[in-house]
Amino acid sequence: MTENLDNIIKSLHPLERKLLEVMKAKKPQTLELLQKASGLKQIEVMRALQWLSNKKIIELKATKKKLIFLDSNGEEVKKSGLPEKQVIVFLKKKKQASLPVLKKEFGDVIGFSIGLLKKKAAIATENTPNGLILTITPAGEKFLEKESLEEKFLKKDFPINEDELTDEERFAIDSLKSRKNFLKLETKNVYTFKTTKLFNDIIRQKMFNESYIEKLSPEILKSGLWKKMKFRPYDIHADVPMLNIGKEHFVNEAIDDIKKIWLSMGFEEMRGTKAQSAFWDMDSLFVPQDHPAREMQDTFYLDVKPAKLPKVFDAVKKMHEQGDEDSRGWGGEFKKEVAAQVMLRTHTTVLSALEIANLKEEDLPKKFFKVDKVYRNEAMDWRHLFELHQVEGIVVDENANFSHLLGYLKKFYAKLGHDKIRIRPAHFPYTEPSAEVEYFNEKKKTWIELGGAGMIRPEVTKMLFGKEIPVLAWGQGMERAISQYYDIHDIRDLYNNDIKQLRTIKSHIKL
Amino acid sequence: MTNITVDKKYLLNEIGLKLDDDVLRQKISMMGTDPEEIKDNEITVEIFPNRPDMLSGYSIVRAFKQFLGKDIGLIKYTAKEPKKDYKVIVDKSVKQVRPFTACAIIKNLKLNDLKIKEIIQLQEKLHLTFGRDRKKLAIGIYPLEKIKLPIHYKALAPDKIKFLPLESNREMTGTQILRQHPAGIKYADLLKDAKVYPIFIDSKDQILSMPPIINSELTGRVTEKTKEVFIECSGFDFNVLEKCLHIIVTVMADMGGEIYQMQVEDKVTPSLKTETINLDIRYVKHVLGVNFKSADAKEALEKMGHGVHTRINSLEVEIPCYRADILGKVDLVEDLAIGYGYDNFEPTIPDVASTSKELDINVFQRKLRKLLAGFGLLEIKNYEIINSESQTKLINNKEKPIMLLSSVSSEYNSLRTSLAASMLGTLKFNLKNEQEAALFEIGTTFHHDSKQETNIREEEKLGIIISNKNANFTTAKRILTTLMKELNTEFELRELKDGLFIEGRTGEIIIKNKVLGTIGEIAPQVLTNLELKNPCAFIELDLDELLKIIS
């Protein structure tokens, strides 16, 4: 039994202990008194009482009660006195006063006060050429001396329980209720508590009454007091608030992880701007100028002057319009003004195009990658964002072929954690052959898309590199994989910068 | 995304194989189409935009049958020569508005409601995809019995055109159709600047249609009684039009119809002409990495509907007249790979030596992120596209942002010129839970700059914002000083006047005589505009420049 009690005492939270000490010393009967005596905040008292009640050290009872609160005017009057009292005081000092003067002094409430004072015969009124003149009567003098029931009532501590009113107080309330914004009535839970037998056992227990070191301080260290006294045992199982830590954004952590995979495979990071000309984003990749993806409603065009176009423009124009010995081309007129539109890049493949255009034959073979933002003119909803991250890699190599592409894909996706993938035909405007990579979802028992892949069309390499050269390319969007990893269902939650979420989200271990 | 629905029983019957749903799904995937849904009686297939020839159930079954090895090789479609009246006389007035047409007549059609639905679906999907929503071409299909041949294709002033359009109860002029008819309103842009509008009109002076807008109610509706139809495609590139016509007439031939040619100007359409490409077997190996035997390569291409004659070291490939996506030999190589089966390739990993390399700026950014997280700052990531007012008026910023043209979400209409607006926005967003925060963000800002190729300069920035009861200039300067010490860099501050900050509590950050950023206490007017409750200290640094200096 004693041991049990000791265990309970050991596990007391400092707030609980504080309350128990107060209860033992001062025996407060109401919550208000308990709070006052403990010096704690109301919420802390409530929390600790709840815990104590859970441990059956006290009984906590909630009853619905009608409570009377002071309203705005009531608060004011509690401080400065009833308006009619103020008028009488004023009249006594000035002997007499005219209505306009009183109105100026007290404002519009004066009407109510005069009516009330007249009823009590505390003032006399007289019509004169200067207007109504008011004087104080002997009954008024008496009224001034005596504390009214209303005044007595206002001196009490609010809120007041309606059930505990005396008859006199009830009278005062009726009078005050007729005044605007003096009182308000609310029904609230009122808590009462009673100590139990366990409480009595605890406060009698030696362990509870022993004095302990609460906090090790430099003074205690210096004085050596710690040698003589015990430390208060803590409840080491109690919950504690989390640290407000600094942290990297979880999407950036995921990006870092995927970058490591590319770097481990010997790829070089590409650089390039986010704003690009349609020429680089589309035309250089042999996307026809009337392709639907280029329309205003799909792409963010920017309100700036047309872009300056590079030397390779003529070769691109010719390939689009006429093709060459191996390709029909797109026919029609290739328009410079369409190529010179400035836009936010729609894919990171534009960076691959720029790299290919900058390559020299002696640089080969080369492998490049990029993980960065792309932009789509889409309305944001739980599945769509207008800014998202794309991952992309290319291999430029005279000896590369489609079987190699499949090999790279297998290796890349194995590193991403997908051992069972399949590759099926697909269509992208700038690759031929094109492929879609899918993984087998064991839970759903179905193949799910991961990303696109293919070999860059020879038209592209001929335009940009000057000759046909195999370029293997593959990539995928990042957001869907990250959402899946974090079990985020609304994709917008990746970037709403909710500080609480950012602090508490788990670290990214592997994509 | 274009989905075509095929009757499952019809498809299984045609291919003559019993396949369960999983195998069916796998095979359809491997053909280069996407099985959207397989139900008890229907299969819905997504067709990629490069295959307009597969936009009908008939053509999907045709392709699928061959892909599975049945009736492989080139299917010969033939057309009968034009009869005497089978003529479309093209007036030179159309040259300025819609110069070309390719036409055909189909006879002996035994139509039922399913076939009519199929024809209408094919026409609609071709309009939408291959025809770029009628911008590139428009198709008309008419019951021949209501038309008197020959037909004239000409252009008239809009008010001279008058006929009863489909879905209307009164005759309308060309102008009225564009202004009042639903189809006219929808496609009015396509005839926006035209002085004359094109029409097809028969020898009884009945107007058949006004392409690319609408047909006549009297001659433009195919019904179950229709046995013969006249088909026209009109537009701007004759080759594209004839390709489209080939796609339609071959489907109708598969339905049992007989194709008749028509005389159109100096041409006879549809020619049903196939194209032949010589495919070097070494090129196939070069691209695919597989040493195909001629016979295997031949079979793979035949499964994709091509006709193949083997030559020494090469294949002479005859491409079906309905294929619109074969630009050159590489497209045949893809077809060969699909016919062979993507799942039959052996993935090989080549041994290519290469050195990995990360951009300096990104290495730098990652180091900064680790460092700042160690300072107790939390990293946030905002959009680069933000509301223009939120980054100008609301935070007293005078720099004119780059505006987006036609953003779908009108509130996101500009590119940010600084991280300040987004970061203050994050504080505002979190007010309900957190009134204090210590945040950093690394991101791009965009600025007008005529020296750049795109007329836009992009800068990588670091932003730091601290918001709490005691945040002030000193808070920010302590962080900056510590950070610069970590980077082993000296800086000084120069007084600055900037509406974002309280005057006298802000400065430009100077490193090696260059302005690399700003620091200061956010002006109360800005805090009030954003309804923020606590003072804020803010730093912004240009990382590209900083990296140049410290490296």
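Here is a short chat about a predicted two-chain model, covering a helix pair, the chain contact and a sheet.

Local features here need pLDDT of at least 70 and side-chain atom pairs count only at pLDDT 80 or more, while totals for chains, interfaces and linings use all residues. Residues are numbered from 1 along each chain as its sequence is written, and chains are lettered from A and ligands numbered from 1 in the order in which they are written.

Visitor: At what angle do helix 8 and helix 10 of chain B pack?
Guide: Helices are DSSP runs of H or I with at least four residues, strands are E runs of at least two, and both are numbered from the N terminus. Helix 8 covers residues 281-288 and helix 10 covers 329-340, with the axes 10 Å apart. Axes are lines fitted to C-alpha atoms, for helices over the stretch in contact, and angles run from 0 to 180 degrees between N-to-C directions. The angle is about 70°.

Visitor: Which residues of helix 10 of chain B make that contact?
Guide: Contact means C-beta atoms, placed from the backbone, within 7 Å. Helix 8 of chain B brings B:Tyr283, B:Val284, B:Val287 and B:Leu288. From helix 10 of chain B come B:Lys329, B:Val330, B:Val333, B:Leu336 and B:Ala337.

Visitor: How many residues does chain B put into the contact with chain A?
Guide: Chain A gives 79 residues, and helix 20 (residues 402-415) of chain A supplies the largest share of that side, eight residues. Chain B's count is 80 residues.

Visitor: Which residue is the bridge partner of A:Leu302 in strand 23 of chain B?
Guide: Strands pair if DSSP finds at least two bridges between them. Strand 11 (residues 301-302) of chain A and strand 23 (residues 404-405) of chain B pair in the antiparallel sense over two bridges. The partner of A:Leu302 is B:Leu404.

Visitor: Which strands stand at the edges of the 2-4-3 sheet in chain A?
Guide: This open sheet has three strands with antiparallel pairing. Each edge strand has a single partner strand, so one side of it is left without a neighbour in the sheet. Those are strand 2 (96-98) and strand 3 (123-128) of chain A.

Visitor: Over how many bridges do strand 3 and strand 4 of chain A pair?
Guide: Strand 4 of chain A spans residues 131-136. Within it, A:Leu132 is the bridge partner of A:Asn127. The antiparallel pairing runs over six bridges.

Visitor: At what angle does helix 7 of chain A run to strand 2 of chain A?
Guide: Helix 7 (residues 99-106) lies across strand 2 and strand 4 of chain A. Its angle to strand 2 of chain A is about 90°.
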